[in-house]
Structures are given as structure tokens and as C-alpha cells.
Amino acid sequence: QTEAGISLEFDSVSESTRGTLQRFTYVLLVIAAIALVVLVLVSAWISVSIAVPVTQLYRLVKNINRSDMAADFPEISGGSSEVAEVRSTFERLFKLIRVANMAFFMGELDKAYASLHDALLLFNKLDNGKAVGIASNNLGNVMLAIYRAMQKTSSPTLCGFSRKKVIQKGCGYFKAAIDFGEAALRRTHEEEGFNVNYLIYMQQVSNRYFNRALFLLTVKKDHPNPEAAEQLGLTDLKTCQDMDREVVDNGDHVGFKGDKDMYFELLLGRIKGLLLLMKMGYEDPWGIDDLFDEARLALLSALETKNHPLFDYLDPAGQMQRLDSALIDYHNYMADKDDSDESGGRLVHVRKASEIAIRMMIEDDYVIAEAAVLALKALIDATLISTEDDFGEDPSDVRSKLFQYRHKVNEIIALSYSSKDIVARECFNACNIGDFSMEVF
């Protein structure tokens with residue numbers, strides 16, 4: 001072959017090789033592109049599967065720390081077994097607090113204490129200060145309820161605790177609750193300034209001071225240092241009063257409204273607590289008349305709002321009866337206190353109590369049993385200072401009929417306790433007085 005022929009053959013081979021290489025190059029580029037897309041998609045999927053659950057977990061923990069939880073514990077989408085385990089732990093703690101509070105309001109103090117004690121141990125291990133504060137506050141309230149039940153039943157021990165042990169534990173729990181609350185309050189102020197969250201924490205701490213005040217002033221006579229207990233209790237009341245006022249005065253300024261039904265419940269709890277302290281011999285340390293006025297204004301404001309949450313579980317008449325029964329209780333107490341008062345103070349309180357009582361007995365379609373008992377007592381007392389002209393018949397006949405009605409109401413109330421012994425009944429009553437604040441997530 002000539003040189004030209006040989007060169008032609010090599011050129012054709014070279015051309016064929018270049019074409020093959022080009023095709024391989026294109027194939028490799030396509031494969032690389034597909035591989036890159038797959039890699040990106042897999043990486044994104046892995047990142048999302050890790051990041052989203054972790055983010056959800058972070059928000060969950062943040063909400064727990066802020067005590068901002070809905071009724072149901074939220075689910076977490078996807079995630080590793082470790083994330084699922086952490087969520088499961090928090091769910092158990094969340095449910096533990098709820099179950100403990102349910103047991104408490106059912107009067108099952110031993111179960112409430114056991115659940116809250118277990119929760120406190122776990123919260124301490126997790127180093128969750130806010131949760132420790134919640135559990136400690138509720139445990140302090142359990143000690144207060146145990147002590148009250150022991151007083152009513154004259155029991156030397158209850159739930160395995162002596163009075164000395166109850167006082168010791170109660171003081172410790174309330175101190176821890178207040179210390180953690182104050183720390184959270186300072187931290188919130190440093191990090192966020194004076195805002196909604198600060199007021200929320202302030203109200204929570206205020207409630208804890210009020211709870212401790214009730215505890216200390218109730219257990220004073222059995223406290224190892226009665227004078228110190230009384231002094232600290234009265235100081236706590238003043239601290240609570242100042243904090244309550246600051247929350248109210250600054251709430252509108254920073255946009256804090258809170259739960260719309262909470263302010264009325266707060267005032268009613270304060271009223272009931274102060275009434276108990278007054279019955280124990282303490283002078284009104286707050287100004288209970290002002291609290292009654294504020295509670296009535298809060299109730300009237302709620303009545304003007306359509307679908308107000310205050311009436312979700314009890315209609316306006318029922319909520320009015322709760323407030324009126326506390327007011328009747330107050331006037332009944334003041335009338336008994338002024339029994340020897342010759343200036344007419346007793347007569348004023350008896351008449352006021354009877355005026356409130358007759359409204360609910362006549363105007364309302366139904367009456368809460370406990371409110372009815374108080375109302376009937378007020379009306380019976382009124383017959384003792386009234387004449388035949390006031391009633392249109394002999395006051396003693398009216399009084400006899402009122403005694404009969406009260407006896408029937410008391411029988412109905414007794415039936416609800418028929419399955420309980422005296423200790424169980426007094427435990428239930430101690431847990432449902434309504435003066436202290438139990439906390440939840």
C-alpha cells in the first residue's frame with residue numbers, strides 16, 4: 001500500500017475512535033449528572049429526615065420550658081430512634097403531671113404525691129428548671145391539702161406523713177418552686193425585657209407566693225418556728241398582692257391578655273384563700289372588698305363578650321353563683337364575727353347576705369348545691385332579725401321551711417360522698433377548696 005492509502009486507513013480508525021470516545025463521554029456526563037441529582041435528593045432527604053424532627057423536638061422542649069402546651073401532646077414526624085426516645089420521655093413526663101393533677105382533684109392524695117414525686121426526680125435529671133418549679137409547686141399544694149385533711153380528721157398521719165414531715169416537705173417544695181420561678185423571671189427580663197412572657201412568669205411566681213402564704217399561715221401552730229412562719233406568710237401575701245397589681249397595671253401596656261377566663265378564676269381563688277385566713281383569725285390583709293368588685297367587673301365584662309371561654313363549662317348563672325356564694329360566705333362570717341356588735345354591723349351583713357341569697361334562689365333555674373347551703377343559712381339568719389311584716393307570715397314558720405330545704409340539700413350532697421369514708425371525703429374537700437393554684441405544662 002502506498003503511504004496515502006495507509007494514512008487513509010489510520011484516519012478512518014482515528015475518526016471512529018473519536019466518535020466512540022465522544023459517545024462514552026456523553027454517557028459518562030449523563031451518568032454523572034444523574035448520580036449528582038440522586039446524591040442531592042438523597043442528601044436532602046437525609047437532611048430533612050434529621051433536621052425536621054430535631055427542629056420539632058427543639059420547639060417541643062422550648063414550649064415545655066415556656067409552659068406553653070396544648071391539651072394534647074404533639075407528634076413528631078419521622079426522625080431517628082433517639083429523637084423518638086426523647087419525645088417519648090417528654091410525653092411520659094407531660095402525662096405524668098396531668099395524671100397527678102387529675103388524681104389530686106379526685107382527692108387521691110397518695111397517688112398525686114407518688115406521680116408528682118416521680119416527675120420531680122425525672123425533671124431534676126433532665127435539668128429542666130421550669131418543670132422542676134411546676135412539680136415543686138404542685139407537691140407543695142399536695143402537702144397543704146394533706147395537712148388540711150389531717151386537721152379535719154384529727155389524724156396523726158396521712159399518706160405516710162406526720163404533721164412534722166408534711167410541714168418540712170411543704171416548706172422545701174414551695175421554696176424550690178419560688179426560687180426556680182424567680183430565676184426564670186430574671187432570665188426572661190435579661191433576655192427579652194419587659195414583655196408578655198415576663199408578665200406570664202410574674203403571674204406564675206405571684207401564684208406560688210400566694211400558695212406558700214396559705215401553707216405557712218395554715219400550718220403555723222405546728223411549725224417549729226410559728227412566728228417566723230407567720231411573718232414569712234404575711235410577707236408572701238404582700239409580695240403576691242404587689243405582683244398581681246403590676247401584672248394588671250402593665251398588662252394592657254405590653255399587650256398581655258392571658259387566657260380570657262383566667263383573671264376571674266384568679267380573683268375567685270384569692271377571695272377564697274383570704275376568707276379562709278380571716279376565719280383562722282387573721283385580719284383582712286389585702287382588701288377583700290376590692291377583690292369582690294374586680295371579680296364582678298370581670299364577670300360583667302365576660303357577659304358582654306360572645307362565646308366567652310369563661311362559660312364553656314358553666315353558664316353565666318353558674319359563674320355568678322360561684323361569686324355570690326363567696327360573697328354570702330363573707331357576709332355570713334362578718335355577721336358571726338360581729339355577733340356582739342351593738343352598732344348594727346351584724347344586721348347590715350345579715351341583710352346583705354340574704355339579699356344576695358334570695359336572688360339566686362328565685363331567679364336562677366338551678367343552684368349549685370354548696371351555694372344553696374350558704375344561701376339557705378343566710379336566709380335562716382335573716383328570719384331571726386325579721387318580723388311578720390317582712391315575710392307576710394310568722395318568721396319562725398319561714399325558718400322551719402328553710403331548715404327543711406337545707407336538710408334536703410345536705411342529703412343530696414351526702415349522697416355524693418356515700419362511697420367515701422370520712423378521710424377520703426375530707427381529702428377530696430381539701431383538694432377542691434379552690435384557693436391555691438395547681439400548674440400544668
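What share of the residues of the protein count as buried? Of its 441 residues, the answer is 41%. Please keep in mind that this is a predicted model. Here are some notes to go with your own look at it.

1. **Overall make-up.** The protein has 15 helices and two strands. Among the contacts with a separation of 6 or more, 69% join residues that sit 24 or more positions apart. The exposed area of the protein comes to about 24,100 Å², and 57% of that is supplied by carbon and sulfur atoms.

2. **Aromatic pairs.** The count of aromatic pairs comes to seven. One of them is formed by Y113 and F161, whose geometry is edge-to-face, with 5.0 Å centre to centre and 80° between the planes. Y113 belongs to helix 3 (residues 109-126) and F161 to strand 2 (residues 161-162), so this pair ties together parts that are 48 residues apart in sequence. Both Y113 and F161 are buried.

3. **F210 with W286.** Here the ring centres are 6.1 Å apart and the planes stand at 80°; an angle over 60 degrees counts as edge-to-face, so that is the label for this pair. F210 is found in helix 6 (residues 196-219), while W286 is in the loop between helix 8 (262-279) and helix 9, so the pair ties together parts 76 residues apart in sequence. F210 has a relative accessible area of 0% and is buried. W286 also counts as buried, because its 14% relative accessibility is under the 20% cut-off.

4. **A ring cluster.** If you are browsing the aromatics, have a look at F104, F105 and F436 too: ring pairs link them into a cluster.

5. **C240 and its surroundings.** You will find C240 in helix 7 (residues 226-254). Is C240 buried or exposed? With 0% relative accessibility, C240 counts as buried. Leaving out residues up to four places away in sequence, C240 touches S206, Y209, F210, R270 and W286. That list includes both F210 and W286, the two partners of the edge-to-face pair in point 3. Another residue to view alongside C240 is V205: the two are 35 residues apart in sequence, and their C-alpha atoms are 8.1 Å apart in space.

6. **E294, a buried glutamate.** E294 lies in helix 9, which covers residues 288-303. Why does E294 count as buried? Its relative accessibility is 18%, and buried means under 20%, so E294 falls within that class. Which residues does E294 contact, once its neighbours within four places in sequence are set aside? They are R245, Y263 and L267. R245 falls within the residue range of helix 7 (226-254), and Y263 and L267 fall within that of helix 8 (262-279).

7. **The second largest pocket.** Its volume is about 300 Å³. The lining consists of 18 residues, and S354, I358, L379, A382 and F391 are the ones that lie nearest the centre. By type, the lining divides into twelve nonpolar, three polar and three charged residues.

8. **Where that lining comes from.** Which helix gives the largest share of the lining of the second largest pocket? Helix 11 does, with seven residues. At least two lining residues each come from helix 11 (345-363), helix 12 (369-383), helix 13 (388-391) and helix 14 (395-416).

Definitions and conventions. Residues numbered from 1 in each chain as written. Predicted model: local features only at pLDDT ≥ 70, side-chain atom pairs only at ≥ 80, totals over all residues. Heavy atoms only, no water. Helix = DSSP H or I, 4+ residues; strand = E, 2+ residues; numbered from the N terminus. Buried < 20%, exposed > 50% of the residue type's maximum accessible area, 1.4 Å probe, protein only. Contact = heavy atoms within 4.5 Å. Areas by Shrake-Rupley, 256 points an atom, 1.4 Å probe, with all protein chains shown as cover. 1 Å grid on protein atoms, 1.4 Å probe; cavity = no way out; pocket = protein on both sides within 12 Å on 5 of 7 lines; lining within 4 Å. Points joined across faces, edges and corners; volume = space filled by probe spheres on them. Nonpolar A, V, L, I, M, F, W, Y, C, P; charged D, E, K, R; others polar. Phe/Tyr/Trp six-rings, centres within 6.5 Å; stacked < 30°, edge-to-face > 60°.
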